Amino acid sequence: MVATLMVKVTPPVDLALEQLELDLFLQALRRRHEYDFSEYAPASLIRRVRQLVRDHRCASISELTARLLHEDGFEVRVVRGLSVPVSEMFRDPEVFRALRERVLPMLASYPRINVWQAGCAHGQEVYSLAIMLEEAGLYERSHIFATDFNADALERAKDGIYPARDAQLWSRNYLHAGGTQTLANYYSARYDFIRMHERLRRNITFANHNLVVDKVFCEAHLVLCRNVLIYFSNPLQNRTLGLFRDSLVRGGYLCLGLRETLDFAEVSTDFSAVDAKLRLYRRASPTHADAA
């Protein structure tokens, strides 16, 4: 008797049907829960929706849509899966060193300093900014507005609690970014977690803000939005960059992720590059015509 090896064959994906299901899913998310992902980069979006289908053991995107419409609280899990907040303290240390050495001395001339961290994820970069401002002697007259549309991520950012296993990498980042002390001075450790000191949170406001649909959040001297625009379509990138331009005071600074750029953006002429490689820009000062 010959044994028969059974091989499960995965049927090919009907891409046209999948696109229709995706369109209906996005429509349900927008109309039922007021989250609009329709202008996110298509390749990244479909990859994340497919992962949601697997994670929640759904047979199809249509089943995911049905749960989104009828299951209380399910939208929180969906948005969490679509946003996938990932960051670390002093990520890309050379960027933070440039902020420390080339931006903060210029901001020191203002009596009050507003910083907008858009898409703050779990808050690691927010606390990095607070530490830099404190070491520059500017924190007492600064306020950081940390925003995200993911309510779950915002709550974790407010708590400022992170796995202790990350502290070693973050400490190296901090030193490479020009840190003047030791990162351990800014957190307390207990068991397998670290918690950022309360004094770093005193001048931070965490708030829900959706770059896709919301308007200008505050008047800012520095806007950081790193590794968010890469998930947006070109029209949405242009809208968001226009939002940042309108938020910045004349001469204010914009910092993007290393995979993002102002090249070819509609607002490119409104900025000059402080360091194009590090994606650090400054909003143009008014010309004589503007001032007249």
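What follows is a walk through this fold, from its overall make-up to a few residues worth a look.

Keep in mind that this is a predicted model. The chain has 292 residues, and 49% of them count as buried. Along the principal axes, its C-alpha atoms fill a box of roughly 80 × 55 × 40 Å. On the secondary structure side, you'll find 10 helices and 10 strands. How much of the contact network is long-range? Take the contacts with a separation of 6 or more: 75% of them join residues that are 24 or more positions apart.

Let's start with helix packing, and with helix 4 (74-83) in particular. Helix 2 (residues 42-55) packs against helix 4 with the axes 9 Å apart and an angle of about 135°. That angle makes helix 2 oblique to helix 4, and their crossing is right-handed. If you want to see who does the touching, helix 2 brings Leu45, Arg48, Val49 and Leu52, while helix 4 offers Arg77, Val78, Gly81, Leu82 and Ser83.

Helix 1 (residues 15-33) also approaches helix 4: the two axes come within 12 Å and cross at roughly 125°. These two helices are therefore oblique to each other as well, but the crossing of helix 1 and helix 4 is left-handed. Phe25, Leu29 and His33 of helix 1 make this contact with Glu75, Val78 and Leu82 of helix 4. Val78 and Leu82 are thus listed on the helix 4 side of the helix 2 contact and turn up again in the contact with helix 1.

Arg48, from the helix 2 side of that packing, has something else going on. The charged end of arginine 48 sits over the ring of tyrosine 231, at 4.2 Å from the ring centre.

That brings us to the aromatics. The structure holds 12 aromatic pairs. One of them joins phenylalanine 90 and tyrosine 174, with 5.5 Å between the ring centres and 65° between the planes, an edge-to-face arrangement. Phenylalanine 90 sits in the loop between helix 4 and helix 5 (93-107), and tyrosine 174 belongs to helix 8 (residues 167-176), so this pair ties together parts of the chain that are 84 residues apart in sequence. Both phenylalanine 90 and tyrosine 174 are buried.

How do the rings of tyrosine 127 and tyrosine 162 meet? Their centres are 6.4 Å apart and their planes stand at 75°, so they too are edge-to-face. Here the link runs between helix 6 (residues 124-135), home of tyrosine 127, and strand 3 (residues 161-163), home of tyrosine 162, so the parts tied together are 35 residues apart in sequence. Tyrosine 127 and tyrosine 162 are both buried. Elsewhere, Phe37, Tyr40, Phe149 and Phe232 come together as one aromatic cluster.

Tyr127 also leads us to lysine 158, a residue of helix 7 (residues 151-159). Leaving aside neighbours within four places in sequence, lysine 158 is in contact with Tyr127, Arg201 and Phe206. Its C-alpha atom is 7.9 Å from that of arginine 201, although 43 residues separate the two along the chain. Is lysine 158 buried or exposed? Its relative accessible area is 34%, so lysine 158 counts as partly exposed.

Phenylalanine 244, in helix 9 (residues 234-247), is another story. With a relative accessible area of 0%, phenylalanine 244 is buried. Not counting residues up to four places away in sequence, phenylalanine 244 touches Trp116, Ala118, Leu211, Val223, Cys225 and Leu254. By way of contrast, valine 79 is 165 residues away along the chain, and the C-alpha atoms of phenylalanine 244 and valine 79 are separated by 23 Å.

Finally, a look at the backbone. Most residues other than glycine have a negative phi. Asparagine 227 has a positive phi of about 65° even though it is not a glycine. You'll find asparagine 227 in the loop between strand 7 (220-225) and helix 9, and at 17% relative accessibility it counts as buried. Arginine 279 likewise is not a glycine, yet has a positive phi of about 60°. Its place is the loop between strand 9 (271-275) and strand 10 (280-283).

Conventions. Residues are numbered from 1 along each chain as its sequence is written. This is a predicted model: local features need pLDDT of at least 70, side-chain atom pairs count only at pLDDT 80 or more; totals for chains, interfaces and linings use all residues. Side-chain values use heavy atoms; hydrogens and water are left out. Rings of Phe, Tyr and Trp (its six-membered ring) pair if their centres lie within 6.5 Å; planes under 30 degrees apart count as stacked, over 60 as edge-to-face and the rest as tilted. Helices (H or I, at least four residues) and strands (E, at least two) are DSSP runs, numbered from the N terminus. Buried means under 20% relative accessible area, exposed over 50%, partly exposed in between (1.4 Å probe, protein chains only). A charge sits over a ring if NZ of Lys or CZ of Arg is within 6 Å of the ring centre and within 35 degrees of the ring normal. Axes are lines fitted to C-alpha atoms, for helices over the stretch in contact, and angles run from 0 to 180 degrees between N-to-C directions. Angles under 35 degrees count as roughly parallel, over 145 as roughly antiparallel, 65 to 115 as roughly perpendicular and the rest as oblique. A crossing is left-handed if the near helix is turned anticlockwise from the far one by less than a right angle, and right-handed if clockwise. Contact means heavy atoms within 4.5 Å.
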